[in-house]
Amino acid sequence: MKLSFHGGVRTVTGSKHLLEVKGRNILLECGLFQGRRAEARERNSNFPFTTGEVDAVILSHAHIDHSGALPALVRTGFEGPIYCTDATADLLGVLLRDSAQIAERDVYYLNKRLPKGAPPIEPFYTRKDVEKTLPMLAVRSYDQTFQVTDEVSAIFREAGHILGAAQVILNIDSDEVPNPPFRLGFTGDLGRDHLPILRDPYQIDGLDALIMESTYGDRLHERGEDLKALLAGVVSRTVERGGRLIIPAFSVGRTQRVVYLLHELFNEGRLPAIPIYVDSPMASEATEVYRRHPECYDRKASEWLESEDILGFRRLTYRRSRSG
Ligand SMILES: [Zn+2]
């Protein structure tokens, strides 16, 4: 067994961890490297391993720093399958198409500035590559073991990070590992207990080794329960001053969490009735995907959903275009 890391190491994007067992290659994550343009182009166009020799990808969740290089992997020879949960597959349709559009637009402007006669720059992938990638997604349920190769099986467990996010536990039954079966865990990005909407992360035990990325280093997060009180304080102070509040938020995960908490605060009468705008077509599309997957909600969100649309309450306007 051989394990090598090709991203998400000494940097927080471009996660790719390659596991080789009995000559078969399993790639955990295929993240896009995001950084300076030249370095990003170089790292997203060229893989440090032969992509045609990767037998399968297992994906923990849909965020681009974990999934965004999949179409480049396909463009350079990978033929599938890509294992992920149902909600992750649904989110990938939104995120990868958007990512390809950005890559194509970026190259369009670069090519406009090229000196006459210089060969045009190619995007590291296009929307066509995305449409080739999406049918390779092989959906697997949480908590159900599936076979990846003859020696390796896997199971997805709740990660509590974004919709569909999973921790991956691999069972490696081969003479290449000491005392088989060898249990290898990969957390992907982990959420915290008591965060809104999603279930709490599953507690894994009995592992022989664990792969974990630590984006936030040794920083301590505030407790999940305290977020609502913090948000209530900031919003009411701003409203009292007659101000407007702009909340920058990641489109997938963070936006839905903020909207959900505001909704709760309005219902509890802890905030006055003020209008809210979600100014991002991508966040609006991601919210639609959240709406389609109530099977990923925790008990409180599921119960609430029975009486109300938890992500689309009446004070809120989703803006889908840059104008109007
Ligand atoms: Zn993430």
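Two strands pair if DSSP finds at least two bridges between them. The structure treated in these exercises is a predicted model.

**Exercise 1. The partners of strand β10**

Determine which strands pair with β10, and in which sense.

*Solution.* Begin with strand β9, residues 166–172. It pairs with β10 in the antiparallel sense, over 5 bridges. Within this pairing, Val168 has Phe186 of β10 as its bridge partner.

Turn next to strand β11, residues 209–211. Here 3 bridges make the connection to β10, and the two strands run parallel. In this pairing, Leu184 stands opposite Ala209 of β11.

Finally, consider the two faces of β10, which comprises residues 182–186. Phe182, Leu184 and Phe186 form the covered face, while Arg183 and Gly185 form the uncovered one. Leu184, the residue opposite Ala209, thus belongs to the covered face.

**Exercise 2. The sheet that contains β10**

State the order of the strands in the open sheet of 5 strands, and identify the strands at the edges.

*Solution.* The order is β7-β8-β9-β10-β11, and the pairing is mixed. The edges are held by β7 (146–147) and β11; each has a single partner strand, so one side of each lacks a neighbour in the sheet.

At the β7 edge, the partner is strand β8, residues 152–158, joined to β7 by 2 bridges in an antiparallel arrangement. Phe146 stands opposite Ala154 of β8. At the other edge, β11 is joined to β10 by 3 bridges.

**Exercise 3. The sheet of 6 strands**

Describe the open sheet of 6 strands and the helix that packs on it.

*Solution.* The strand order is β1-β2-β3-β4-β5-β6, again with mixed pairing. Its edge strands, β1 (2–5) and β6 (137–139), each pair on one side only. On average, and with direction ignored, neighbouring strands of this sheet are turned by 25° against each other.

One pairing may be examined in detail. Strand β4, residues 54–58, pairs with β5 in the parallel sense over 2 bridges. The bridge partner of Ile58 in β5 is Tyr83. Helix α4, residues 86–112, packs on the sheet and touches β5 and β6; the direction of α4 makes about 150° with that of β6.

**Exercise 4. The contact of two helices**

Classify the arrangement of helices α6 and α7, and list the residues that meet.

*Solution.* Two packed helices are described by the angle between their axes and the distance between the axes. For α6 (residues 226–240) and α7 (residues 254–267), the axes come within 10 Å and cross at roughly 75°. Angles of 65 to 115 degrees count as roughly perpendicular. The two helices, α6 and α7, are therefore roughly perpendicular to each other.

From α6, the residues involved are Leu227, Lys228, Leu231 and Ala232; they meet Leu261, Glu264 and Leu265 of α7. Sorted by class, this contact has 5 nonpolar, no polar and 2 charged residues.

**Exercise 5. Unusual backbone values in loops**

Locate the cis peptide bonds at Pro81 and Pro181 and the positive phi values at Lys22 and Asn179.

*Solution.* Most residues other than glycine have a negative phi, and most peptide bonds are trans.

- The bond from Gly80 to Pro81 is cis, with omega near 0°; Pro81 lies in the loop between α3 (70–75) and β5 (82–84).
- The bond from Pro180 to Pro181 is also cis, with omega near 0°; the loop between β9 and β10 holds Pro181.
- Asn179 is found in the loop between β9 and β10 and has a positive phi of about 40° although it is not a glycine. Asn179 counts as exposed because 6 C-beta neighbours lie inside 10 Å.
- Lys22, in the loop between β2 (17–21) and β3 (24–28), has a positive phi near 55°. Lys22 is partly exposed, with 13 other C-beta atoms within 10 Å.

**Exercise 6. A loop residue and the whole chain**

Decide whether Glu213 is buried or exposed, and then characterise the chain.

*Solution.* Glu213 lies in the loop between β11 and α6. A residue is buried if 20 or more other C-beta atoms lie within 10 Å of its own. Glu213 has 22 such neighbours and therefore counts as buried.

For the chain, the count is 9 helices and 13 strands. The radius of gyration is 21 Å, close to the 20 Å that the globule rule gives for 324 residues, so the chain is as compact as a globular protein of that length. Of these 324 residues, 37% count as buried.

Key
Residues are numbered from 1 along each chain as its sequence is written. This is a predicted model: local features need pLDDT of at least 70, side-chain atom pairs count only at pLDDT 80 or more; totals for chains, interfaces and linings use all residues. A residue is buried if 20 or more other C-beta atoms lie within 10 Å of its own, exposed if 12 or fewer, and partly exposed in between; C-beta atoms are placed from the backbone. Helices (H or I, at least four residues) and strands (E, at least two) are DSSP runs, numbered from the N terminus. Axes are lines fitted to C-alpha atoms, for helices over the stretch in contact, and angles run from 0 to 180 degrees between N-to-C directions. Angles under 35 degrees count as roughly parallel, over 145 as roughly antiparallel, 65 to 115 as roughly perpendicular and the rest as oblique. Two residues are in contact if their C-beta atoms, placed from the backbone, lie within 7 Å. Ala, Val, Leu, Ile, Met, Phe, Trp, Tyr, Cys and Pro count as nonpolar, Asp, Glu, Lys and Arg as charged, and the others, Gly among them, as polar. The radius of gyration is taken over C-alpha atoms; the globule rule is 2.2 Å times the number of residues to the power 0.38.
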